[in-house]
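Got your viewer open? Load the model, switch on sticks for the side chains, and follow along.

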Amino acid sequence: HVTGLQTCALPISSAASRGSRRSGPSSPAATRNAVTHGARPGAVAIGVDIGGTNIRAARVDADGRIAGHVRVRTDPDRVPETVIGLVRQLHHEAVAAVGIGIPGRLDRDGTTVVSAGYVRLAGVALAQLVTDATALPALMDNDAHMALVAELAIGAAGGARDVALFTVGTGIGGAIALGGHVIRGHGNAGQLGHLTVDPAGDRCNCGRRGCSEVVASRSEEHTS
């Protein structure tokens, strides 16, 4: 698993794919093209993973080789400043773009965070803040979507077309690919950490009770 997260990527049956909707450029080839379009030969990107416990960043080439990485503890109130600082720390002349994984939901255009669980990013146009501060093109997406794209391209799901992925950390995330493309829906569709597994369970950050994230994430281990 190339993302550095605890992940589980599982093939899913073609029967489960009937009626599902695919949208957006979330395939390995499309994502790589979006990042490297117009880039200089040998250009690299900076990837940022925002977690409830740590924020990690790495400078990575198009084949997934990591040239440098940093990690800091998450301050939920200072995420934009932290991300900008990490990008500046890793930046050099070969960097063409920045990708940011968000532990939650974005608006339909992918420009503003709607909700982000353990970090306070709701209403923040984080990618634009990074671009304004560093002059680098930046994009952001749900962190599990980004993890699945990486695993399909060069990781554990290589060669598979229909895959379900779980990420396990401070919270639980998930993403589903059908035909090699990450599928998207509305609201919490595809948010595998917010499947109700115990209707009488504790309340989750999303407002529901008994989500898989509440029952089985690292945050639950620490409070049990």
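This is a predicted model, and the tour goes from its core to a helix and then to a loop.

**Stop 1: the main core.** Start by selecting Val48, Ile50, Ile100, Ile102, Leu121 and Leu126: of the 29 residues in the largest nonpolar core, these touch the most other members. Now colour strand E2 (44-50), strand E3 (54-60), helix H2 (79-90), strand E5 (95-102) and helix H3 (126-134), each of which supplies at least two residues of this core. H2 gives the most, with six residues.

**Stop 2: Ile102.** Zoom in on Ile102 and show what surrounds it. Setting aside residues up to four places away in sequence, Ile102 touches Ile50, Val113, Ala116, Leu121, Leu126, Met140, Asp141, Asn142 and Asp143. Apart from the main core there's another one, of 11 residues; pick out Ala144, Val149, Ala157 and Ala177, which are among them.

**Stop 3: H3.** Which residues of H3 are buried? Select Leu126, Ala127, Val130 and Thr134. Then look down the axis of H3: its buried residues fall within an arc of 105 degrees, so they line one face of the helix. Bring back E2, H2, E5 and strand E8 (138-142), which are among the elements covering those buried residues. Just after H3, click on Ala135, where phi is positive, near 65 degrees.

**Stop 4: Ala43.** Finish in the loop between helix H1 (28-36) and E2, where you'll find Ala43. Ala43 is buried, with a relative accessible area of 18%. Beyond its neighbours within four places in sequence, Ala43 contacts Ala94 and Ala96. Draw a distance from the C-alpha of Ala43 to that of Val60, 17 residues apart along the chain, and you should get 9.2 Å.

Conventions: Residues numbered from 1 in each chain as written. Predicted model: local features only at pLDDT ≥ 70, side-chain atom pairs only at ≥ 80, totals over all residues. Heavy atoms only, no water. Core = buried A, V, L, I, M, F, W, Y, C linked by side-chain atoms within 4.5 Å. Buried < 20%, exposed > 50% of the residue type's maximum accessible area, 1.4 Å probe, protein only. Helix = DSSP H or I, 4+ residues; strand = E, 2+ residues; numbered from the N terminus. Contact = heavy atoms within 4.5 Å. Arc of directions from axis to C-beta.
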